[in-house]
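Colleague: I'm new to reading protein models, and I'd like to go through one with you. Could you show me the sequence and the structure before we start?

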Amino acid sequence: MAFGIMLIRSVLKEVEQREKLEILTKKLENANAKLRELDRLKSEFLSFASHQVKAPMAVVKGFATLIYDGTYGPVSDQIRETAHKIKDSADRMITLVNNILNLRKIEEGKMEYHFEEVNMVNLTRQMLEELKPLADNKTLTLTLEGEVTEAMVRADVEKFRQVLQNLIENAIKYTERGWVKVVLEKTASSLLIKISDSGRGLSEELISRLFERFNRDEAVAKKIEGTGLGLYIAKQIILAHQGEVWAESLGKEQGSLFTVKIPLLSN
């Protein structure tokens, strides 16, 4: 009889625990559903807000460029300098908006790629020409080195342009004096794009989390503008090209080296 009573109590307790577990599970499911809905609404709001900001900023940039390059006629050096600052601010805002939009696409698996055969030497040279004024403003030497004259890869031109721009701009941004160098090398099946500088360098701890979202070097975060998204997005684009990216540095104030490895098209 005692054993029977104990058995009944045990069964009743188990039933009660199961009922509590079912209630808790339903509550968690409802909470998760609400969180997913909030996350969806947040993403849609960010996308909407970003698109609404991007268009007028592009217009501001356009007018500032027209003033800066003299399309509207001769202007004083002070006005030209002010117009250039407006253009730079608009560029930073557009970059921020693009990063937010790209982050959403990556997280939702909706980033679209349009692959074609590309000579990466030409694309890299174009990017250096576009970014040379940025290096000149800091009196940095910006060079493309290596004996590679042709490196055919399968790539999305605009997406990979974004990768190169991010890595080279970062090298310029975090280098106060000296040089930024891009070297192209070929292996049997891959192209190596090496971007090195004589800048601030990287600690081992920072390298370990460098390609994570919203990650920045706290030592310079207040001095140098950034979102902490550029390297994360660049890595995702490189992975979509079946490639790799990694960073190296001898330490603080000893420069850094970023290497991108992507497959070459077979002959």
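What follows is a chat in questions and answers about this model.

Modeller: Sure, and one thing up front: this is a predicted model, where local features need pLDDT of at least 70, side-chain atom pairs count only at pLDDT 80 or more, and totals for chains, interfaces and linings use all residues. Residues are numbered from 1 along each chain as its sequence is written, and side-chain values use heavy atoms, with hydrogens and water left out.

Colleague: How many helices and strands does the protein have?

Modeller: Helices (H or I, at least four residues) and strands (E, at least two) are DSSP runs, numbered from the N terminus. Along the sequence they come in the pattern α-α-β-α-β-β-α-β-β-α-α-β-β. The count is six helices and seven strands.

Colleague: What percentage of the residues is buried?

Modeller: Buried means under 20% relative accessible area, exposed means over 50%, and partly exposed is in between (1.4 Å probe, protein chains only). The protein has 267 residues, and the buried share of them is 33%.

Colleague: Which residues of α6 are buried?

Modeller: Start with their cover, which includes α2 (77-107), α4, β6 (244-248) and β7. One example from α4 (residues 157-173) is asparagine 166, which counts as buried because its relative accessible area is 15%. Leaving aside neighbours within four places in sequence, asparagine 166 is in contact (heavy atoms within 4.5 Å) with Gly230 and Leu231. The buried residues of α6 are Gly230, Leu231, Tyr232, Ile233, Ala234, Ile237 and Ile238.

Colleague: Which residue follows α6 with a positive phi?

Modeller: Its phi is near 60°. Proline 263, found in strand β7, has this residue among its contacts beyond four places in sequence, along with Val153, Ser189, Ser190 and His241. The residue after α6 is glutamine 242.

Colleague: How far apart in space are proline 263 and alanine 155?

Modeller: Proline 263 is partly exposed, at 33% relative accessibility. Along the sequence, proline 263 and alanine 155 are 108 residues apart. In space, C-alpha to C-alpha, the distance is 9.8 Å.

Colleague: How many aromatic pairs are there?

Modeller: Rings of Phe, Tyr and Trp (its six-membered ring) pair if their centres lie within 6.5 Å; planes under 30 degrees apart count as stacked, over 60 as edge-to-face and the rest as tilted. By this rule the count is two. Tyrosine 113 and phenylalanine 115 have ring centres 5.7 Å apart and planes at 20°, so they are stacked. Phenylalanine 211 and phenylalanine 258 are edge-to-face, 6.3 Å centre to centre with 75° between the planes, and the total is two.

Colleague: How many residues apart in sequence are the parts that phenylalanine 211 and phenylalanine 258 tie together?

Modeller: Both phenylalanine 211 and phenylalanine 258 are buried. Phenylalanine 211 lies in the loop between α5 (204-208) and α6 (230-240), while phenylalanine 258 lies in strand β7 (residues 256-263), so the pair ties together parts whose separation in sequence is 47 residues.

Colleague: Which lysine lies over the face of tyrosine 113?

Modeller: A charge sits over a ring if NZ of Lys or CZ of Arg is within 6 Å of the ring centre and within 35 degrees of the ring normal. Tyrosine 113 itself is partly exposed, at 22% relative accessible area. The distance to its ring centre is 5.6 Å, and the residue is lysine 159.

Colleague: Where is the salt bridge partner of aspartate 77, and which residue is that partner?

Modeller: A salt bridge is a side-chain nitrogen of Lys or Arg within 4 Å of a carboxyl oxygen of Asp or Glu. Aspartate 77 is exposed, with a relative accessible area of 61%. The partner is three residues away in helix α2, about one helical turn. At 3.0 Å, N to O, that partner is arginine 80.

Colleague: And how many salt bridges does the structure hold?

Modeller: Another one joins lysine 85 and glutamate 81 at 3.7 Å, N to O, and these two lie four residues apart in helix α2. Glutamate 185 pairs with lysine 194, with the closest N and O atoms 3.2 Å apart. Lys61, Lys87 and Asp91 are linked in a network of salt bridges. The structure's total is eleven.
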